[in-house]
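Me: Mind walking me through some labels on this model? I'd like to see each one set against its cut-off.

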Amino acid sequence: MAVAYTPAIAEVIEKLETGNPLPTLVPQNAWNTELTDALESSSLDELFEGTSLKNSTFGEAIKSGLLLWNDALDESHTISQGLMNQTGSYWHGIMHRREPDYPNSKYWFGRVGTHPIFPALRERALELFKEISNPSDALANIGQTIASQENWDAYQLIDWCEAAEGDSDSDVTRFLQQVQAEEIKLLLAYSYQNAI
């Protein structure tokens with residue numbers, strides 16, 4: 001999903017793609033505290049640089065998502081808990097999955113229901129899996145599960161993240177980090193397209 005972000009947002013995304021391309025499933029603290037401070041102090045007018053916003057809730061969702069990608073969970077949560085739409089619930093659910101508070105994450109994904117990015121996320125997950133040579137049995141099972149299901153299952157992703165917790169070196173964890181990064185990018189793009 002190619003999106004022409006404003007220069008201010010594109011600059012933040014470039015920093016994150018360069019420095020934190022695969023955020024951990026359960027971060028211990030923010031990746032870049034200066035970036036957290038800059039995002040928190042930026043108004044939507046500054047982030048969107050004069051581009052007129054048709055929906056400020058989605059504008060705030062961008063800010064929440066960028067903070068979440070930066071592993072600034074508390075700061076992201078402060079915003080996402082006030083976003084009263086499906087996409088706000090999605091950002092909120094990811095935050096709790098990474099916290100980790102898996103039952104609370106499932107609650108928020110229950111409020112998400114079926115999100116418009118799910119089909120693209122399923123396709124990207126399958127593409128990522130196909131790029132892996134000699135997957136472990138655990139990862140092969142995950143790949144087969146994704147392929148066998150017609151729709152993306154956000155609850156299943158939560159369960160896989162919970163099962164992988166504390167196993168930072170496995171191919172399963174790396175795959176889940178890749179899927180999570182794609183999820184964040186797709187949700188940012190969706191939020192942006194609905195904000196302007």
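**Aromatic pairs and a loop serine**

Reply: Sure, starting with Phe-118: its relative accessible area is 5%, so Phe-118 is buried, as that label means under 20% (exposed is over 50%, partly exposed in between; 1.4 Å probe, protein chains only). This is a predicted model, where local features need pLDDT of at least 70, side-chain atom pairs count only at pLDDT 80 or more, and totals for chains, interfaces and linings use all residues. Residues are numbered from 1 along each chain as its sequence is written, and side-chain values use heavy atoms, with hydrogens and water left out.

Me: How many aromatic pairs are there by the ring rule?

Reply: Seven. Rings of Phe, Tyr and Trp (its six-membered ring) pair if their centres lie within 6.5 Å; planes under 30 degrees apart are stacked, over 60 edge-to-face, the rest tilted.

Me: Why is the pair of Tyr-90 and Phe-109 called edge-to-face?

Reply: The ring centres are 5.1 Å apart and the planes sit at 70°, so Tyr-90 and Phe-109 make an edge-to-face pair. Tyr-90 lies in helix H6 and Phe-109 in helix H7, so the pair ties together parts 19 residues apart in sequence. Helices here are DSSP runs (H or I, at least four residues), numbered from the N terminus.

Me: What makes Tyr-90 buried?

Reply: Its relative accessible area is 0%, so Tyr-90 counts as buried.

Me: And how do you know whether Ser-170 is buried or exposed?

Reply: Ser-170 has 16% relative accessibility, so it's buried. Ser-170 is in the loop between helix H10 and helix H11.

Methods. Helices (H or I, at least four residues) and strands (E, at least two) are DSSP runs, numbered from the N terminus.
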